[in-house]
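Reader: I would like a close look at one part of this protein: the charged side chains that pair up, and what sits around them. Please take it slowly and in connected prose.

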Amino acid sequence: MTRTLVILAHPDMGRSRISRRWAEAIRAADDITLHDLYARYPEGQIDGEAERQLVTDHDRIVLQFPLTWYSCPPLLSVWQTEIMKRGWAYGPGGRALRLKTLGIAFSTGSNGRDYQPDGRYGRTLDEVTVPFELMAVHTGMHYLPPFTLTGARECDDAAIAASAQAYLHHLRHAEPRLIASGKDDDRARTVYPEDAAAHM
């Protein structure tokens with residue numbers, strides 16, 4: 001059975017309509033682990049070792065957040081920095097994430113029409129979120145198609161409730177759109193000067 005972990009990063013869940021409803025749906029399920037970063041780390045100090053263990057214990061990791069200045073909220077960036085360590089996630093000895101699956105799930109305030117080549121921003125959501133795809137590539141993970149709900153300001157309660165059920169289905173059944181090969185590349189074998197110094 002696939003063990004799925006959702007890393008939730010919303011800086012103000014009390015005011016959230018979408019992330020809160022999605023989180024409620026996950027909590028009501030019994031087969032998905034929800035990990036709320038802002039609730040766990042109110043001071044913003046990430047326990048990298050504990051987070052790496054949590055990720056190790058799961059097969060599918062989905063990052064859930066509201067799109068914030070065309071990226072993720074700050075604490076999720078800190079989380080990435082703290083756990084994606086060379087020698088663990090990538091580089092020599094860095095095989096901990098290999099052939100796991102990464103995904104993202106996010107909402108936007110702007111309407112989906114804005115994220116088209118001829119729209120307000122001139123970029124698609126796939127283009128905006130390509131750093132997450134590259135993180136999967138760099139660490140040897142499969143990558144899911146993103147789950148999104150756009151136009152948060154326009155969504156009524158029924159639409160949000162429907163999206164929560166669709167999200168659960170996505171978490172359980174979505175197939176990767178990028179399949180990792182599982183093979184090492186040159187970066188996984190390259191010894192850096194600091195690696196040699198550590199063994200002197």
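Author: What follows goes through the salt bridges one by one, then a nonpolar patch, and then the cysteines. The model is a predicted one.

Side chains of opposite charge can pair when their charged atoms come close. The structure holds 6 salt bridges, and three pairs are described here.

Take arginine 15 and aspartate 12. Their side chains form a salt bridge with an N to O distance of 3.9 Å. The cut-off for a salt bridge is within 4 Å, so a distance of 3.9 Å still counts. Arginine 15 has a relative accessibility of 72% and is therefore exposed, the limit for that word being over 50%. Aspartate 12, at 32%, is classed as partly exposed.

The next pair is aspartate 31 with arginine 172, where N and O are 2.9 Å apart. Aspartate 31 belongs to the loop between α1 (18–28) and β2 (32–36), and arginine 172 to helix α7 (residues 157–173), so this salt bridge ties together parts that lie 141 residues apart in sequence. Aspartate 31 has a relative accessible area of 22%, which makes this residue partly exposed. Arginine 172 is also partly exposed, with a value of 39%.

A further salt bridge joins arginine 177 to glutamate 133, at 3.0 Å from N to O. This pair, too, links distant parts of the chain: glutamate 133 is in helix α6 (residues 130–139), while arginine 177 is in the loop between α7 and α8 (186–189), 44 residues away. Arginine 177 is partly exposed, at 36% relative accessibility. The pair does not stand alone, as salt bridges with shared partners connect Asp126, Glu133 and Arg177 in one network.

Helix α6 also holds valine 130. At 32% relative accessibility, valine 130 is partly exposed. Together with Leu134, Val137 and Leu178, Val130 makes up a nonpolar patch on the surface. The four residues have about 300 Å² of accessible area together.

Last come the cysteines. Cysteine 72 has a relative accessible area of 8% and cysteine 155 one of 13%. Buried means under 20%, so cysteine 72 is buried, and cysteine 155 is buried as well. A disulfide requires two cysteine sulfur atoms within 2.5 Å, and by that rule the count is 0 disulfides.

Terms used:
Residues are numbered from 1 along each chain as its sequence is written. This is a predicted model: local features need pLDDT of at least 70, side-chain atom pairs count only at pLDDT 80 or more; totals for chains, interfaces and linings use all residues. Side-chain values use heavy atoms; hydrogens and water are left out. Buried means under 20% relative accessible area, exposed over 50%, partly exposed in between (1.4 Å probe, protein chains only). Helices (H or I, at least four residues) and strands (E, at least two) are DSSP runs, numbered from the N terminus. Patches are made of residues with over 30% relative accessible area and no salt bridge: like charges are joined within 9 Å, nonpolar side chains (Val, Leu, Ile, Met, Phe, Trp, Tyr) within 5 Å. Accessible areas come from the Shrake-Rupley method with a 1.4 Å probe; for residues, only the protein chains shown count as cover.
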